[in-house]
Amino acid sequence: MATIKLQNLWKHYGDVQAVRGIDLDIEHNEFVALVGPSGCGKTTTLRMIAGLEDITGGEIQIGGKTVNEVPPKDRDIAMVFQNYALYPHMSVYQNMSFGLRIRKTPKAEIDRRVQNAADILNIGELLERRPKQLSGGQRQRVAMGRAIVRDPVVFLFDEPLSNLDAKLRVQMRTEIKKIHQRVQTTVVYVTHDQIEAMTLADRIVVMNDGVIEQVGTPDEMYSNPRTHFVASFIGSPSMNFAPCNLVKTAGGLAVRLTDDISLNVPEDRTARYEPFADKEMIFGIRPEHVTERRQHANGAQQDIAADVNVLEPMGIDTMVFFSLGPKEVCARSEPSAVSNVGESMGFTVNMDKMHLIDPSTDAVV
Amino acid sequence: MSSNDMTAMTTSSGELLAENKVPFWRLRKAFANYVALVPYLAFALFPFYIIAITSIKSKQEINNLGESPFWATGIAVENFTYLATNTSFFEHWMVNTLIVTTVSTIISVSVGILAAYALARLKFRGVELFGVAVFITYLVPQTLLFLPLINVVNAIDDVIPIRDTYWSLILTYPTFLIPFVTWLLMGYFRTIPVEVEECAYLDGCSRLSALFRVVLPMAIPGIICAILFSYTLSWNEFLYALVFIQDEHAKTLSVGVFTELIRGDIYFWGSLMAACLLGTLPIVILYGFLMDYYTSGLTQGAIK
């Protein structure tokens, strides 16, 4: 059972606090993605799990055992580095078998495992080559193969796809998912790309500034972000935010964005938002919930009109940018329903999907 | 012919231009590049030319002021036979130099590798200060250092007789070789991606086994470079060898040639030059063999 437990984990570099007291429980065979912007402490956390970085405070448990004092070589962990870190003086076969040879695994067993990993990764014909004779994608596979043959209790990935070109990245992403389905192991995957995190992980951990902002399934992160940061980080294109006033109306509450535009809050949310009435708030809505005029089933929708500033066709949809007071807002529209730039267009806002953020706490209420 | 026609291209004016024909401006540029090297080559190679040409002249020809010093009229081997029969050139000096150089290089490079790795990779209090100290040690001139070293050699000589043997040199050469090798390799180790080493730890290596199995194989060009330089430095060393050794049979090449082929104000020019020529050969051969390693990068393919 390879569970991972981080308890009140701290890391200081001199005066800089890279990780500030995080707690996290990772289940056996779970795929967890640590995601966040550069410098948020995600890689440091991963390196502490690997034992490559000393812990300033707190505790790390792997499989129920505290490993604070255990050197990396005894943690039974495999890691795929961002820059692959292959051994340049060894062939692919030697690269993959290195860890097994160090651990004095019998030759036949090494052969079997390397062959098996090579089959999984489709690199059987590359085994005799040197790393410098491989392309970027092939090196990436070898780096993963090196981890797979070890059959470790925990797999760590440190932004493994960020050195690949866009097309290959998407391909390898699918492949990593397939591999995890075949080779059941606990995985901790660090990335700054929220799409990678969403597509791969069972659970996502969003980190910012050394602390965990939110932990949850990809769906939870998307539908119910708990902080302003998570709401802005998850989702592509990212959520629209606009300062607003929450005002009381005859029928309930409304979000007043500009002097002309007020959007009624759905009735089922009135009670939830009541305490924030008459306050300055931040209104959040994802582009996919601002569309061309259309009918939504439950009717909690508001129609607005605005002049189109910029169009970004994406094929299946077209992103439409328009001004809402001082803010520019992005909407996702049917390509056929789009007006020309400079012309007026009608939009429908699906208020069931709205978010309201209290700027004093940055929490989604 | 037909293949030529197929690869031929047509210029704007319609004439055929063979694809592999080098344009004139490119030839002119290449010529200019080589011309620029001529002054350098003249300075660098002229002394060697004089050494080589003088070593194959007979004594009469050298002393004949009527002959030009810049070329020889024939090939004489008398200078080389003189070295073999009248001096200890081959039987002692060459052998001593080989032993001293090889052993002190092995000692210096082994100690230097460990020191450089520690200074480049380990984090401990004062690591940077230590690195600078190594460099400063290297800067202390030999002409000052030999004075205290005489005391050291004498003190050791009281217990184990090392004075007037090549052991005194094997012991003292590393005092300037180790700081040099350490400094050189420190820079090289820093260029080796640390992730590769970390990967070795996760694969089950201790620090020492990661050093030998992963870091050193990647550092081979740097180590070759260290070997070449410390070999050359100790091969050419003159001062310590002059001070610590008086016995003719224990001398190294540089001192032996100087003390035995110059007697008072008499210079045995022919044999001196022959000795110089033979003395540089092993170094030239060594460079020839190791140059490929020295220039090739071995970390290619490790990252990205």
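**View 1. The buried residues of helix α10 of chain B.** In this predicted model, the residues of α10(B) that are buried are B:V196, B:E197, B:E198, B:C199, B:A200, B:Y201 and B:L202. Helix α10 of chain B spans residues 194-202, and 7 of its 9 residues are buried, so it is largely enclosed by the rest of the structure. What do the buried residues of α10(B) pack against? Look for α1 (42-50) and β6 of chain A, together with α11 (207-218) of chain B. Just after the helix, find B:G204: this residue follows α10(B) and has a positive phi, near 110°.

**View 2. Where chain A and chain B touch.** Here you can follow the contact from both sides: chain A brings 23 residues and chain B brings 21 residues. Which elements of chain A give two or more residues to the side that touches chain B? They are β6 (77-80) and α2 (92-102) of chain A. Sorted by class, this side of chain A holds 15 nonpolar, 4 polar and 4 charged residues. You have already met β6 of chain A in the first view, where the buried residues of α10(B) pack against it.

**View 3. The largest nonpolar core.** This core counts 142 residues, and those that touch the most other members are A:A33, A:M79, A:L156, A:V188, A:Y189 and A:V205. Which helix gives the most to this core? It is α9 of chain B (residues 174-190), with 9 residues. Apart from this core lies another one, of 12 residues, including B:L83, B:F268, B:M273 and B:A274.

**View 4. The surroundings of A:A33.** Let us zoom in on one member of the largest nonpolar core, A:A33. Setting aside neighbours within four places in sequence, A:A33 is in contact with A:Y189, A:T191, A:A197, A:L200, A:A201, A:I204 and A:V205. Two of these partners, A:Y189 and A:V205, are also among the residues that touch the most other members of the core.

**View 5. The two domains of chain B.** Chain B is split into domain 1 (24-76) and domain 2 (80-295). How far apart do the C-alpha centres of these two domains of chain B lie? The distance is 31 Å. Where the domains meet, domain 1 of chain B contributes 7 residues and domain 2 of chain B contributes 6 residues. On the domain 1 side, α2 (24-55) and α3 (59-63) of chain B each supply at least two residues, and α2(B) gives the most, with 4 residues. By class, that side of domain 1 of chain B has 3 nonpolar, 2 polar and 2 charged residues.

Key
Residues are numbered from 1 along each chain as its sequence is written. Chains are lettered from A and ligands numbered from 1 in the order in which they are written. This is a predicted model: local features need pLDDT of at least 70, side-chain atom pairs count only at pLDDT 80 or more; totals for chains, interfaces and linings use all residues. Two residues are in contact if their C-beta atoms, placed from the backbone, lie within 7 Å. Ala, Val, Leu, Ile, Met, Phe, Trp, Tyr, Cys and Pro count as nonpolar, Asp, Glu, Lys and Arg as charged, and the others, Gly among them, as polar. A nonpolar core is a set of buried Ala, Val, Leu, Ile, Met, Phe, Trp, Tyr and Cys residues joined through C-beta atoms within 7 Å. A residue is buried if 20 or more other C-beta atoms lie within 10 Å of its own, exposed if 12 or fewer, and partly exposed in between; C-beta atoms are placed from the backbone. Domain bounds come from an automatic or database domain assignment.
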